[in-house]
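Here is a short briefing for someone meeting this structure for the first time. Please look over the sequence and the model before reading the points below.

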2 protein chains.
Amino acid sequence: MKVEIHTTLKQGVLDPQGKAVESALKNLGFSGIREIRQGKLFNIDMETEDPKKAKDLALKICEVLLANMVIEDYKIKIIKNT
Amino acid sequence: MKVEIHTTLKQGVLDPQGKAVESALKNLGFSGIREIRQGKLFNIDMETEDPKKAKDLALKICEVLLANMVIEDYKIKIIKNT
């Protein structure tokens, strides 16, 4: 079962990577962009085919390793069988 | 208009970050994970409210700056008005 996890910085936490991309785009002549915030994306292939088990495992992984709960939020998406 | 861009390494391109996360999880005692691949996530707030224009701008940004077209794929998601 495929699971997608997004980790993003919480609202209000400074995001220097996102700011760097924003100013790079301005320097390249792009306009019409208000804000960019950058996060991480994890595509996980799990052995289980049970969506509930996959979600539970994903939650644990996020809290233990993938997301820094102090400054980051995470989102888990279970992707249908491939 | 909010736009979400995912960039991921193409199939077959070595992903050392993903492998590091995989082995860290194994060392922490997690099992049942076949593979992890890590990518980048960009949450963009654009001035335009026209989904077509937002998509065109996102495409240009990806090809010029966000994705390395040699080794990365990208996906663009237009997110409804917030």
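On the side of helix 1 of chain A that is turned away from its buried side sit the exposed residues P16(A) and N27(A). This is a predicted model, and the points below start from that helix before turning to the charged pairs and to the interface of the two chains. In the same helix, G18(A), V21(A), E22(A) and L25(A) are buried, and, seen down the helix axis, the buried residues fall within an arc of 100°, so they line one face of the helix.

**Helix 1 of chain A**

- Helix 1 of chain A has twelve residues, and the distance from its first C-alpha to its last is 16 Å, which is close to the 16 Å expected at 1.5 Å a residue.
- The cover over the buried residues of this helix comes from both chains, since it includes strand 2 of chain A together with strand 2 and helix 2 (51–66) of chain B.
- After helix 1 of chain A comes G29(A), a residue whose phi is positive, near 95°.

**Salt bridges within a helix**

- Side chains of opposite charge can pair when their charged atoms come close, and the structure holds ten salt bridges over all chains.
- In chain A, the side chains of E22(A) and K19(A) meet in a salt bridge, at 3.4 Å from N to O, and both residues belong to helix 1 (residues 16–27), where they are three residues apart, about one turn of the helix.
- An α-helix has 3.6 residues a turn, so residues three or four places apart point the same way.
- The two partners in chain A differ in exposure, because E22(A) has a relative accessible area of 10% and is buried, whereas K19(A), at 41%, counts as partly exposed.
- In chain B, a salt bridge joins the side chains of E22(B) and K19(B), again with 3.4 Å from N to O, and these residues are separated by about one helical turn because they are three residues apart in helix 1 (residues 16–27) of chain B.
- Of this pair in chain B, E22(B) is buried with a relative accessible area of 9%, while K19(B) is partly exposed with a value of 40%.

**A salt bridge between the chains**

- D45(A) forms a salt bridge with R34(B), and the closest N and O atoms of the two are 3.2 Å apart.
- D45(A) lies in strand 2 (residues 33–46) of chain A and R34(B) lies in strand 2 (residues 33–46) of chain B, so this pair joins two chains.
- D45(A) is buried, with a relative accessible area of 15%, whereas R34(B), at 44%, counts as partly exposed.
- K2(A) also takes part here, as K2(A), D45(A) and R34(B) are linked in a network of salt bridges.

**The interface of chain B and chain A**

- In this interface, 35 residues of chain B are in contact with 35 residues of chain A.
- The area buried between chain B and chain A is about 3000 Å², and carbon and sulfur atoms give 63% of that area.
- Two salt bridges are counted between chain B and chain A, and twelve residue pairs are found in polar contact across the interface, with both residues at pLDDT 80 or more.
- On the side of chain B that touches chain A, at least two residues are supplied by each of strand 1 (2–9), helix 1, strand 2, helix 2 and strand 3 (72–79) of chain B.
- Strand 2 of chain B gives the most to that side, with 14 residues.

Note on methods. Residues numbered from 1 in each chain as written. Chains lettered and ligands numbered in written order. Predicted model: local features only at pLDDT ≥ 70, side-chain atom pairs only at ≥ 80, totals over all residues. Heavy atoms only, no water. Salt bridge = Lys/Arg side-chain N within 4 Å of Asp/Glu carboxyl O. Helix = DSSP H or I, 4+ residues; strand = E, 2+ residues; numbered from the N terminus. Buried < 20%, exposed > 50% of the residue type's maximum accessible area, 1.4 Å probe, protein only. Expected span 1.5 Å × (residues − 1). Arc of directions from axis to C-beta. Contact = heavy atoms within 4.5 Å. Buried area = accessible area lost by both parts, 1.4 Å probe. Polar contact = N/O pair within 3.5 Å; in protein donor to acceptor, adjacent residues only side chain to side chain.
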